[in-house]
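Grab a viewer and work through these exercises at your own pace. Try each task before reading the solution under it.

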Amino acid sequence: KMPYEGENWSAVALLNEVANKDKRPEINLDWDQEAVALMEMCWQKNPKIRLTADKVVEILKRGQVQVKE
């Protein structure tokens, strides 16, 4: 399932909700908890604690979080 699938948002409205109102996709309790933690670190509003794209790639390359297709 894609994030926000089934919700009726225009692209501009959804961007506003994500950027200004911290809207995030629902987290499935069956998901790998390390993957959930990674997502939540990427969502941090404070850029000093938010992961960079380079750090995310490093974490994934080291196999710290398993990505399932």
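## Exercise 1: a bridge between two loops

Start with a pair of side chains in this predicted model: Asp-22 and Lys-45 form a salt bridge, with N and O 3.2 Å apart.

Task: work out which parts of the chain this pair ties together, and why the pair counts as a link between them.

Solution. Step one: place the partners. Asp-22 belongs to the loop between α1 and α2, while Lys-45 sits in the loop between α2 and α3 (53-61). Step two: look at the spacing. The two parts are 23 residues apart in sequence, so the salt bridge ties them together. Step three: check the surroundings of Asp-22. Its relative accessibility is 39%, so Asp-22 counts as partly exposed.

## Exercise 2: the segment before α1

Task: find the salt-bridge partner of Lys-23 and say where both residues sit.

Solution. Step one: the partner is Glu-7, and the closest N and O atoms are 3.2 Å apart. Step two: Lys-23 is in the loop between α1 (11-21) and α2 (33-42), whereas Glu-7 is in the segment before α1. With their positions 16 residues apart in sequence, the pair links distant parts of the chain. Step three: Glu-7 has a relative accessible area of 38%, which means that Glu-7 is partly exposed.

## Exercise 3: a glutamate in α1

Task: decide whether Glu-17 is buried or exposed, and list what it touches beyond its sequence neighbours.

Solution. Step one: Glu-17 is part of helix α1. Step two: compare its relative accessible area, 17%, with the cut-off for burial, under 20%. Glu-17 is therefore buried. Step three: skip the neighbours within four places in sequence, and the contacts of Glu-17 are Trp-9, Asp-22 and Lys-23. Asp-22 and Lys-23 have turned up already: Asp-22 bridges to Lys-45, and Lys-23 bridges to Glu-7.

## Exercise 4: a network at α3

Task: trace the salt-bridge network that includes Lys-55, and explain how the helix spaces Lys-55 and Glu-58.

Solution. Step one: take the pair itself. The side chains of Lys-55 and Glu-58 form a salt bridge, at 3.4 Å from N to O. Step two: both residues are in helix α3 and three residues apart, so about one helical turn separates them. Step three: widen the view, and Arg-62 joins Lys-55 and Glu-58 in a network of salt bridges. Step four: check exposure. Glu-58 is partly exposed at 36% relative accessible area, and Lys-55 is partly exposed too, at 33%. For the whole model, the count is five salt bridges.

## Exercise 5: the whole chain

Task: describe the overall fold, surface and charge layout in a few numbers.

Solution. Step one: the fold. The chain has three helices and zero strands, giving the pattern α-α-α. Its C-alpha trace spans about 35 × 30 × 15 Å along the principal axes. Step two: the surface. Of the 69 residues, 13% count as buried. The exposed area is about 6,000 Å², with 54% of it from carbon and sulfur atoms. Step three: contacts. Among those between residues at least 6 apart in sequence, 12% join residues at least 24 apart. Step four: charges. There are 11 positive and 12 negative charges, and their mean positions lie 7 Å apart.

## Exercise 6: confidence

Task: say which helix has the lowest confidence and which the highest.

Solution. Step one: the chain averages a pLDDT of 89, and 96% of residues score at least 70. Step two: confidence is lowest in α1, with a mean of 91, and highest in α3, at 93. Step three: a caution for reading any model like this. Where pLDDT is low, the predicted coordinates should not be read in detail.

Methods: Residues numbered from 1 in each chain as written. Predicted model: local features only at pLDDT ≥ 70, side-chain atom pairs only at ≥ 80, totals over all residues. Heavy atoms only, no water. Helix = DSSP H or I, 4+ residues; strand = E, 2+ residues; numbered from the N terminus. Buried < 20%, exposed > 50% of the residue type's maximum accessible area, 1.4 Å probe, protein only. Contact = heavy atoms within 4.5 Å. Areas by Shrake-Rupley, 256 points an atom, 1.4 Å probe, with all protein chains shown as cover. Lys, Arg positive; Asp, Glu negative; His and termini not counted. Charge placed at Lys NZ, Arg CZ, Asp CG, Glu CD. Salt bridge = Lys/Arg side-chain N within 4 Å of Asp/Glu carboxyl O. pLDDT = per-residue confidence, 0-100.
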